[in-house]
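User: Please take a close look at one part of this model, the salt bridges, and then set the other local features beside them. Give the cut-offs as you go.

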Amino acid sequence: MAKFSLIGGFKDPVSRPRYIIWSGVAVLVMVAFVVVALGVTSTRWFCAEVCHKVQDDAIGAYRASSHSEISCMACHTPVNAGPVTFVLKKTKALAELYLTATENYEIPLNKTSHLALSYSFKSKQCTQCHNLDNRKVTPSDGIIISHEAHAKAAPTAPAEEEYWNKIHCTWCHNRVAHNEEGYEPRLEDPKTGEVATKHDDFMGMTACFRCHTLTDTSPSMYKAPGTCAKCHPADFELKPKNHADKGFYPKGHAEMAKEDKKYAQEKAEKYKLKVEEGHADPLPPVGSVFYCATCHVEDKFCMNCHGMEMPHSQEFKEKSHPAASKKQADKCTLCHATAKTFFCDKCHHGELSNWELEAKQPWRKQHAKAVTKNGVKGCVDACHKEVEFCVDCHTAD
């Protein structure tokens, strides 16, 4: 059986023309295949029905947006990218095929809106179509916005990367091409089974306070004023609608503030660690912004009413609260209504006394049974240091 030799075929004067022709045909076929493949994989159909079909939440939000007739590649590739950049981006995307095939992708796609804050989304991605020099800006009612001021804003601290030296469009408009307003995600995570949630919207008040601040305490390098008049006209209703809800004060606002503060602190700590590790996004996450602090200077506003740090620290709960409660009992009563709820008794005469407290009955009607059952040791060791405390009421007479 004759051996096939490509090099030998080119050396042989008789077979050389045939080898050259067929080699040229093979190259042309490969080029045609690559060109067609690049073209097909750049269409909206391929992105929606093949590549990101597993992430229907992103595709559904895209179709609900005003950008639904614009090619995905128009935004997701660098402006005026050359052939090499284009092919490299396609090659990188091809590597994600493994994640899709093994169901190792994240739900929702781009969970933290990292792409909106990444180097790949510079303002040129938007200004290639939107010319702000002649574009009429129509902000929402009650909002004053200057795109020029934001475009010229500079960080208050040296930026580690050139990209961070200016504010980019997607740092605020992160969901413009994947509009989730009125759209309900419906996809389940392949690993956890949880239904995809909506992304943070960078156009909300808390998102603005990633940079804007009332106290100059934002971790962002872009320190911007947070006074109401900077962003809202004089006739704008500043009080949020939820403040008018029945039950908002006092109980509702306390529950909301407590939960939001806890969540914000957790997010802020995670972001702080990323900053220390050197791979944090240019702006802190929306969740790290304490909602109440976007209008109220926390240290002043809360202190004026409560007279102490809110919510209470663990140290306060375990050690310093007795002294504070004696000093300003009227402040404690604002929230705990001790005369009606027997709030203090729940701990001091319940858990600490190893007694199942009847919450609707005053302690003076229960303590005799508790002492008879458990003795005075728990009372004396916990709070009442002298046995004479009992004698103050229970005398021999």
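Analyst: The salt bridges come first, followed by two loop residues, a buried loop contact, a helix pair and a surface patch.

This is a predicted model, in which local features need pLDDT of at least 70 and side-chain atom pairs count only at pLDDT 80 or more, while totals for chains, interfaces and linings use all residues. Residues are numbered from 1 along each chain as its sequence is written, and side-chain values use heavy atoms, with hydrogens and water left out.

A search of the whole structure gives 5 salt bridges, a salt bridge being a side-chain nitrogen of Lys or Arg within 4 Å of a carboxyl oxygen of Asp or Glu. One of them joins Arg44 to Glu69, with 3.3 Å between the closest N and O atoms. Arg44 belongs to helix H3 (residues 44-51) and Glu69 to the loop between helix H4 (56-63) and H5, so this pair ties together parts that are 25 residues apart in sequence. Helices (H or I, at least four residues) are DSSP runs, numbered from the N terminus. Arg44 is partly exposed at 34% relative accessible area, whereas Glu69 is exposed at 64%. On this scale buried means under 20% relative accessible area, exposed over 50%, and partly exposed in between, with a 1.4 Å probe and protein chains only.

Another salt bridge pairs Lys152 with Glu148, with the closest N and O atoms 3.0 Å apart. Both residues lie in helix H10 (residues 147-152), 4 residues apart, or about one turn of the helix. Lys152 and Glu148 are both exposed. By contrast, Glu180 and Arg175 are both buried; their closest N and O atoms are 3.6 Å apart in the salt bridge that they form.

Two asparagines have unusual backbone notes. Asn80, although not a glycine, has a positive phi of about 55°, and it sits in the loop between helix H5 (72-76) and helix H6 (83-95). Asn110 also has a positive phi of about 55° without being a glycine; its place is the loop between helix H7 (97-101) and helix H8 (114-117). Asn80 is exposed, with 76% relative accessible area, while Asn110 is buried at 17%.

Phe290 is in the loop between helix H13 (248-277) and H14, and is buried at 11% relative accessible area. Beyond its neighbours within four places in sequence, Phe290 is in contact with Ala257, Asp260, Lys261, Ala264 and Glu298, where contact means heavy atoms within 4.5 Å. From Phe290 to Ala268 the C-alpha to C-alpha distance is 9.7 Å, across 22 residues of sequence.

Helix H14 (residues 298-306) also packs against another helix: its axis and that of helix H16 (residues 329-336) come within 9 Å and cross at roughly 100°. That makes H14 roughly perpendicular to H16, a label for angles of 65 to 115 degrees. The axes are lines fitted to C-alpha atoms, over the stretch in contact, and angles run from 0 to 180 degrees between N-to-C directions. Asn304, Cys305 and His306 of H14 meet Lys331, Leu334 and Cys335 of H16.

Last, Ile21, Trp22, Val25 and Val29 make a nonpolar surface patch of about 430 Å². Such patches consist of residues with over 30% relative accessible area and no salt bridge, nonpolar side chains (Val, Leu, Ile, Met, Phe, Trp, Tyr) being joined within 5 Å and like charges within 9 Å. Accessible areas come from the Shrake-Rupley method with a 1.4 Å probe, and for residues only the protein chains shown count as cover. Val25 is in helix H2 (residues 16-40) and is partly exposed at 35% relative accessibility.

Key: Parallel < 35°, antiparallel > 145°, perpendicular 65-115°, else oblique.
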